[in-house]
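Reader: I'd like to go through the reasoning behind the labels with you. Could you take me through it step by step?

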Amino acid sequence: MILSCSNIDKTFVDNHVIKNASFHIEDSEKAAIVGINGAGKSTLLRIITGGLPADAGSVTFAKDTSFGYLAQHQAVDSENTIFGELLTVKQEVLDLEAAIRQTESDMKNASGGELDALLKKYAAMTHRFEELNGYACKSEITGILKGLGFQEDEFDKKIATLSGGQKTRTALGKLLLQKPDLIMLDEPTNHLDLNSIAWLETYLLNYKGAVIIVSHDRYFLDRIATKIIEIDNGVVSSFNGNYSDYAVQKEHLRTEQMNAYLNQQREIRHQEEGIDKLMQFNREKSIRRAESREKMLDKLERLEKPAEVRDDMKLTLTPHKTSGSDVMQVEGLSKKFDGQQLFENVSFEIRRGEHVAIIGDNGTGKTTLLKIINELVPMDSGTIRLGTNVEIGYYDQEHHVLHMDKTLFEEISDDYPYLTNTEIRNTLAAFLFTGEDVFKKISALSGGERGRVSLAKLMLSEANFLILDEPTNHLDITSKEILETALNAYEGTVLYVSHDRYFINRTAGRILELTHQQFVNYIGNYDYYLEKKELLTPVSETASSAAEEPSAQKLDWKQQKENQALIRKRENDLKKCEEKIEALETQSAALDDEMAKPEIATNSAKLQEIAGEKERITAELEALYARWEALSEYH
């Protein structure tokens, strides 16, 4: 056991965040802390790291345990470059290397006993250098930086010039390079693109130490976690397994708790009714019995009503009118930003009812594309045509569509002046803003709260074409699930940018990957995209090498759909071919066994019949082997 938390308690003013929490972390265990926004996840991490005192309880690490902690926001203050900052972790290696070079120089002019001493010192230093994997030091740093999404031409950027997200990635790289016994990460995927998240997953899965993660990324938690630590109304509970396992266990537990609560409530009502009747008899004997029952009720340990699966946020997306079948057509679209070509001559179309997710690395231009569609950023060339009766509802991840100087009430009333005060309050209440909350300034809200206001405006827009930029950012898992349900029930059209793979899996029917300044189309969700991406690669290469054919990355979605259908047919044919080969080989072996039997060997007529069948099977197998080779070349 590497960490033990015993009876941890923490209260902020009148908010009892953590109630008598106890759990432990084993060596090499990968644990995740989950709960709604404000549940106390980051608070618990800070208590474990010693950054915040607990009101009661104890945190105990195993002897000589080292740990590293990555907070959500990093105040990295350094004059170093990105590469130089990570290199500071390897100071012992750098000092050793310098000492080894100096010793090599000293040995050139030494002799006798002095040389012997230097040789002994040199051997000890080089041995330690090898123990620290010093020869691979710089390549290890390069691997981590590239894994976290930095390009080599960014390695020399000064820390002071980086964005908040880049600083967080730099801090994460330093932490991984330190290799502590226990890594604690608070929302590590927030500033990573899909490739970097996949790299981090693989890194943590293979990490020899223990890991504690706070994250709302359910796909990430499904791949990494072996234990879920849940904070629910201050109560901390542990569940074995990943996030999906936890969700099943939690639902069963909640059902059991609710049944126990309802049964107890029925028994309490039964006893209270009995007490009332006994008191009504107004006889000394019956009054004593009533008093006795009352004492029993007073001693009863009352079960608290289990928290419902939170459905208090009401999100219903309903289009005001139906759009035409062709919602949007993009042709020859190009955009440069700060001298960098984001995408060039891209074309695609969106049809009514489609749910399309745009994915790609950070900086490829996904958000820029949405801003161009919404006429917030000009295109360099190309055309965007909207279909008949198309009305856009836009959700901006940076919430620039919100006015920071307005109150929540003003934000809604100014955009929807036909709503009554009661309707505005009811709308805000549906998104968990009640009472005096409606008079808070937008500027005073958290990221998650601003997200809920933007969702409220999206719902009121009654648009039939929703364009969403990272809609799940800053939302807790429950809020994400509410949004997923609303989008799946929505009868309009959706185009969104997201790096939330679980969300994409649940809501997308088509994926556009922005890569190498072009879009590649996949008809399916994120799991389908992963499955088919490698299969499409040969098709792309073949198409791009033929002068008369357009590049696969420039094919429109209809043509790519045909390519995908062709790939599925080849897979099908290959599988059927393999099954036929296996069946015929089995028959052939059975015929060999028959021919070996004494009674068959002496029966020339039967032997000739079997030999003829054997020859037919052999010929058929030869043809199938050739077909299998041809099909497998495309697999």
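Author: Gladly! This is a predicted model, and a good place to start is strand 14 (residues 392-395), which pairs with strand 15 in the parallel sense over 4 bridges.

Reader: What makes strand 14 and strand 15 count as paired?

Author: Pairing needs at least two bridges between the strands. Strand 14 and strand 15 have 4 bridges, so they qualify under that cut-off. In one of these contacts, Ile-392 has Phe-465 of strand 15 as its bridge partner.

Reader: And on the strand 16 side, which way do strand 15 and strand 16 run, and how many bridges join them?

Author: Strand 15 and strand 16 (residues 493-497) run parallel, joined by 5 bridges. Here Ile-467 has Leu-495 in strand 16 as its bridge partner. Strand 15, helix 15 (residues 477-489) and strand 16 also make a β-α-β unit, and that unit is right-handed.

Reader: Why is strand 15 called largely enclosed?

Author: Buried means under 20% relative accessible area. For strand 15 (residues 465-469), 5 of the 5 residues are buried, so the rest of the structure largely encloses this strand. In a regular strand, side chains alternate between the two faces of the sheet. Both faces of strand 15 are covered: Phe-465, Ile-467 and Asp-469 are buried on one side, and Leu-466 and Leu-468 are buried on the other.

Reader: Where does strand 15 sit in the sheet order?

Author: The order is 14-15-16-12-17-18, in an open sheet of 6 strands with mixed pairing.

Reader: Why are strand 14 and strand 18 said to stand at the edges?

Author: Strand 14 and strand 18 (518-522) each have a single partner strand, so one side of each lacks a neighbour in the sheet. From one strand to the next, the twist averages 15°.

Reader: Now the helices. Why is helix 12 called oblique to helix 13?

Author: Helix 12 (residues 408-415) and helix 13 (residues 421-430) pack at an angle of about 120°, and their axes are 10 Å apart. Roughly perpendicular covers 65 to 115 degrees and roughly antiparallel needs over 145. The angle of about 120° fits neither range, so helix 12 is oblique to helix 13. Their crossing is right-handed.

Reader: One last check: how do you know that Cys-5 and Cys-137 are buried?

Author: The cut-off is under 20% relative accessible area. Cys-5 has 2% relative accessibility, so it counts as buried. Cys-137, at 4%, counts as buried too. As for disulfides, the structure holds 0.

Key: Residues numbered from 1 in each chain as written. Predicted model: local features only at pLDDT ≥ 70, side-chain atom pairs only at ≥ 80, totals over all residues. Heavy atoms only, no water. Buried < 20%, exposed > 50% of the residue type's maximum accessible area, 1.4 Å probe, protein only. Helix = DSSP H or I, 4+ residues; strand = E, 2+ residues; numbered from the N terminus. Right-handed = clockwise from strand over helix to strand, strands pointing away. Axes fitted to C-alpha atoms, helices over the stretch in contact; angles between N-to-C directions. Disulfide = S-S within 2.5 Å. Parallel < 35°, antiparallel > 145°, perpendicular 65-115°, else oblique. Left-handed = near helix turned anticlockwise from the far one by under 90°.
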